[in-house]
Amino acid sequence: MERPTQKYSQKKIKTSPINHSFSHGVNKNILTLDGGLPDSRIIDNKTLGRAHRSVFQSGIYSSLFSYTNAYGDIMLRNELVKYLNDTRGIPCSEENILITRGSQMAIFLSMKMLLKKNETAIIGNPSYFGAKNILQYIGANILTISVDEEGLVVDEIEEHCKKNKVKVVYVTPHHHHPTTVSLSPARRMGLLKLADTFGFSIIEDDYDYDFNYGNAPMLPLSSLDALNSTIYTGSFSKTIGPGLRIGYLLANEKIIEKAVEIRKVIDFQGNPIMERVMGILLQQGEIDRMLRRSRNIYMQRRDYFCKALSSHFPNVIDFKIPEGGLAVWTKFNSSINLMEVYKKALDKNLNLSLVPYYGPSHNATRLGFASLTFSEIDMYMGILKSILIKLSK
């Protein structure tokens, strides 16, 4: 297999294997084949540093060290209004935006605000484990619907609504988590119609809208709904890195006011200095430049990763090349015990980090490519292949 050329400078990237871990007490040297994280080694540190310095050299920096606004930095909110309108077609004002510590907080606030214990929410099967964990924490009645090649099977939502008072439908329409399929235009319109008919709210988690490698992405549901039935959540964690912890919640003004009151119970505000930095980066167009660069890198890695999967596992793993996102949804042959693969991989210091969340009924998992260089992909595939060969004997 011919190795494609990486057009970015390897000198700027430490090529030692990724070893991030998601739990305390794990061997620090363990390798991680994650479920779709960005590569923090390609962050434009110089640009970030300049933006930081501009904040500290301005006359406003001292005020940012004090208590500010629970809604989030006003400059960032103003810049997000322009950014979300230009890139996603969502008409909004700064009163429609709450800055959060990542999209997980935005999802939590949305669900906590809309649901009480034993009230009903609908998610896909499978679905993003973080959203399911929140619903379980709240004590919601969770109903699941099927996911196929066109995303959530919306007709099943209607059947549930006829039998139950559904309050919330959680959806990742751009690239369904975990399967990466996009919700079709017809089902998008059907979902919005059902929300209007039955009066439920749609929480639209648009976690990786910025990463599409082919045609232009479909606009979010919220661009069609004008924030009537929809609550939109997003994040800069995929643009720069999970450690940034800056996300946002977009909704009508009354919902935002309620979300702010809940947020104040646990956290009076976010990080005003970092939020101002992000506002500057948006204003200067640096976020767009970062995205263009990272999209190019991740597209090359996706192609190389998928070629490696086809080459090493032609009769073991079934997958489709994702149109976007940072991971591949991989379905293993039914003869393969995925949890056994997970355990054997740990014995070789390789953590298939998200395997436990989807269960034996799917025998599939997300394998992230974005955080791996070509040489790391080769090494990780070699480890995985050695495990599968032994298990298949």
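Helix axes here are lines fitted to C-alpha atoms over the stretch in contact, and angles between N-to-C directions run from 0 to 180 degrees. Helices (H or I, at least four residues) and strands (E, at least two) are DSSP runs numbered from the N terminus. The model is predicted: local features need pLDDT of at least 70 and side-chain atom pairs count only at pLDDT 80 or more, while totals for chains, interfaces and linings use all residues. Residues are numbered from 1 along each chain as its sequence is written, and side-chain values use heavy atoms, with hydrogens and water left out.

The protein chain holds 13 helices and 13 strands. Of its 393 residues, 55% count as buried, meaning under 20% relative accessible area with a 1.4 Å probe, protein chains only. About 17,900 Å² of the chain is exposed, and carbon and sulfur atoms supply 50% of that area, computed by the Shrake-Rupley method with a 1.4 Å probe. Taking contacts (heavy atoms within 4.5 Å) between residues at least 6 apart in sequence, 73% join residues at least 24 apart.

Helix α5 spans residues 129-138, and its buried residues are Phe129, Gly130, Ala131, Ile134, Leu135 and Ile138. An α-helix has 3.6 residues a turn, so residues three or four places apart point the same way. The cover over the buried residues of α5 includes α4 (103-114), β3 (120-125), β4 (141-148) and β6 (166-171). After α5 comes Gly139, with a positive phi near 90 degrees.

Further along, α6 (residues 154-163) packs against α7 (residues 185-198) at an angle of about 10 degrees, the axes lying 9 Å apart. The two helices are therefore roughly parallel, a term for angles under 35 degrees. Their crossing is left-handed, that is, the near helix is turned anticlockwise from the far one by less than a right angle. From α6, Val154, Ile157, Glu158, Cys161 and Lys162 meet Arg187, Gly190, Leu191, Leu194 and Phe198 of α7. This contact has 6 nonpolar, 1 polar and 3 charged residues; Ala, Val, Leu, Ile, Met, Phe, Trp, Tyr, Cys and Pro count as nonpolar, Asp, Glu, Lys and Arg as charged, and the others, Gly among them, as polar.

A second helix pair is α12 (residues 338-347) and α13 (residues 374-392), whose axes come within 10 Å and cross at roughly 125 degrees. These helices are therefore oblique to each other, the class left outside under 35, 65 to 115 and over 145 degrees. The crossing is right-handed, with the turn clockwise. Glu340, Val341, Lys344 and Ala345 of α12 make the contact with Leu384, Ile387, Leu388 and Leu391 of α13. By class, the residues are 6 nonpolar, no polar and 2 charged.

Conventions. Buried < 20%, exposed > 50% of the residue type's maximum accessible area, 1.4 Å probe, protein only.
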